[in-house]
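Biologist: Please take a close look at one part of this model, the barrel. Tell me how it is built and what lies around it.

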Amino acid sequence: MNITRLTPDPTGLVDWPTLSNDKKSVVTVGVFDGMHRGHQAVIARVVELAKQYDAFSVVVLFDPRPDAAHRYAAEHNGMDLPAGTPDPQALSGVDDRVRMMRDLGVDQVLIVRYTMAFAAKSYRFFLGQMVGKLGMRTLVLGQDAAMGKGRAGDVKAIATLAAATGVFELDVVDDRGPGQVRIPLDAEPHMPTEWGEPKDPTAGMGKAELRAWSKKHQARLHRTWSSTNVRYLLGQGRIADADAILGHAHAVEGTVVHGEERGRTIGFPTANLDEASIVGYLPVDGVYAGWLVDMGPAGDGDGAAGAGDARADDRVASDDKARIAAGSPWRWPAAISIGTKPTFSETTGLHERVVEAYAIADDWLELYGHRVRVEFVGFLRPQVKFDSADDLVAELGRNVEETKRLTA
Ligand SMILES: Cc1cc2nc3c(=O)[nH]c(=O)nc-3n(C[C@H](O)[C@H](O)[C@H](O)COP(=O)(O)O)c2cc1C
Ligand SMILES: Nc1ncnc2c1ncn2[C@@H]1O[C@H](COP(=O)(O)OP(=O)(O)OP(=O)(O)O)[C@@H](O)[C@H]1O
């Protein structure tokens with residue numbers, strides 16, 4: 001697979017590469033944040049059609065997320081989001097999305113820096129470039145896709161353009177997943193108070209009850225398989241539900257730094273993630289079962305420069321794949337904690353939110369300075385202010401047993 005990073009010039013023009021003089025391509029365009037099962041269906045369709053037509057499968061990936069770029073521009077006089085700005089709302093980093101695209105068999109990923117000048121181009125101009133420069137014969141989109149200035153290029157408009165010009169065809173993928181869900185408009189992350197995987201608060205409600213709930217929370221309908229819903233679920237600690245939509249375990253990556261070093265004294269040494277280095281959406285505070293993967297010493301492209309820092313290098317990507325793979329020697333079940341360590345914060349005066357993971361390994365792991373991937377499999381319990389370190393240790397023992405069970 002080829003990965004190409006493209007930065008539009010100040011007028012918004014992109015210097016698209018010529019993929020081939022005669023081979024055509026099947027293209028899709030989007031953000032693919034989280035690479036959930038809806039996104040995977042779209043990309044699988046691109047790969048399938050490309051095989052059928054003996055064409056290249058091409059993904060044009062926008063980075064940063066248009067949402068984040070437009071929001072920044074609205075607050076900063078139309079300016080572009082500076083390169084490397086962290087995006088804590090992004091479910092996954094660009095590296096992660098690209099890695100999954102490779103696994104699905106994509107030939108070419110073109111990562112286009114999403115600038116305001118680029119966003120101002122019409123969809124007709126953009127699609128003309130796809131045809132002229134990339135040899136696009138088929139464009140694959142989901143039903144709700146929209147592109148170009150003012151998002152005027154929706155599926156209807158593009159179908160009309162395709163029919164009028166006759167130079168490319170549009171292939172629309174039906175909405176995947178079990179329809180729509182109601183999501184509260186003001187949904188703030190909220191740590192569950194109960195132990196164990198949180199339930200859907202609307203489960204079992206009758207119509208009238210659901211209507212009242214929706215009104216109270218000003219809930220809006222969203223596609224169940226959407227990045228918005230995954231973000232909402234992670235904010236409620238509903239890991240199992242989020243992972244079911246993603247089709248894989250939700251993960252964040254970051255660089256391991258020194259913590260307060262109390263962990264080793266109580267028998268549970270933890271890898272603490274440097275907050276500024278974290279790429280991927282953090283679930284709400286709580287204790288989770290999951291995995292820790294050692295991705296090796298952090299290099300230049302460890303994501304410290306933000307979610308958009310794709311390490312467009314084949315060797316690195318395949319090394320990452322081997323480390324992440326099931327059964328890899330760099331992967332351990334892990335009990336994960338996100339929170340302010342309330343048991344100790346009064347005495348220490350430290351109230352920072354810390355992400356740390358205790359890897360269940362036979363040997364001592366030296367992870368300082370390494371990039372690690374933390375995968376979330378289940379919610380175990382809320383953060384608790386224990387009466388003593390001994391009480392915490394006893395509970396950690398139970399959390400470890402539960403983690404082993406959930407990752408077996
Ligand atoms: C699985 C797990 C669950 C944890 N749960 C809590 C908790 O409920 N309350 C709390 O105060 N600290 C909790 N912690 C954080 C510990 O207090 C912390 O790991 C310990 O103080 C060591 O900190 P250090 O890594 O900075 O040395 C948890 C840590 C882990 C690994
Ligand atoms: N559940 C789904 N079923 C089918 N296609 C989908 C689904 N979710 C997204 N898509 C399609 O995937 C492509 C990439 O989507 P993109 O990431 O740009 O934004 P999106 O549609 O807003 O996704 P999301 O709502 O999950 O953020 C688009 O063509 C979109 O229509």
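Modeller: What follows starts with the barrel, moves to the helices and ligands, and ends with the whole chain.

The model is predicted, so read the geometry below as computed. The barrel has 6 strands. Their order is β11-β12-β15-β14-β13-β16, and the pairing is antiparallel. From one strand to the next, the twist averages 45°.

Take one seam of the barrel in detail. Strand β12 covers residues 271-273, and β15 covers residues 354-359. The two run antiparallel and are joined by 2 bridges. Ala271 has Ala357 of β15 as its bridge partner.

Next come the helices. Helix α12, residues 389-407, packs on the sheet. Helix α12 touches β13, β14 (331-339) and β16. The direction of α12 makes about 130° with that of β14. Helix α9, residues 239-246, lies across three strands: β11 (250-257), β13 (286-297) and β16 (370-381). Against β16, helix α9 runs at about 120°. Strands β13 and β16 thus appear in the lists for both helices.

Ligand 1 brings some of these elements together again. Around ligand 1 there are 23 residues. Those that come nearest are Gly259, Glu260, Ala335, Ser337 and Thr343. Two or more shell residues come from each of β14, α11 (342-348), β15 and α12. Of these, β14 and β15 are strands of the barrel, and α12 is the helix that touches β14. By class, the shell around ligand 1 holds 10 nonpolar, 8 polar and 5 charged residues.

Ligand 2 draws on other elements. Its shell has 22 residues, with Gly30, Gly38, Gly142, Ser226 and Ser227 the closest. At least two residues each come from α1 (37-53), β5 (136-142) and α8 (227-235). Helix α1 gives the largest share, 4 residues. The classes in the shell around ligand 2 are 8 nonpolar, 9 polar and 5 charged.

Now set the barrel in the whole chain. The chain has 12 helices and 16 strands. Its radius of gyration is 23 Å, close to the 22 Å that the globule rule gives for 408 residues, so the chain is as compact as a globular protein of that length. The C-alpha trace spans about 70 × 55 × 45 Å along its principal axes. Of the 408 residues, 40% count as buried. Among contacts with a separation of 6 or more, 82% join residues 24 or more positions apart.

Notes:
Residues numbered from 1 in each chain as written. Chains lettered and ligands numbered in written order. Predicted model: local features only at pLDDT ≥ 70, side-chain atom pairs only at ≥ 80, totals over all residues. Near = placed C-beta within 6 Å. Nonpolar A, V, L, I, M, F, W, Y, C, P; charged D, E, K, R; others polar. Pairing = 2+ DSSP bridges. Axes fitted to C-alpha atoms, helices over the stretch in contact; angles between N-to-C directions. Contact = placed C-beta atoms within 7 Å. Rg over C-alpha atoms; globule rule 2.2 N^0.38 Å. Buried ≥ 20, exposed ≤ 12 C-beta atoms within 10 Å, placed from the backbone.
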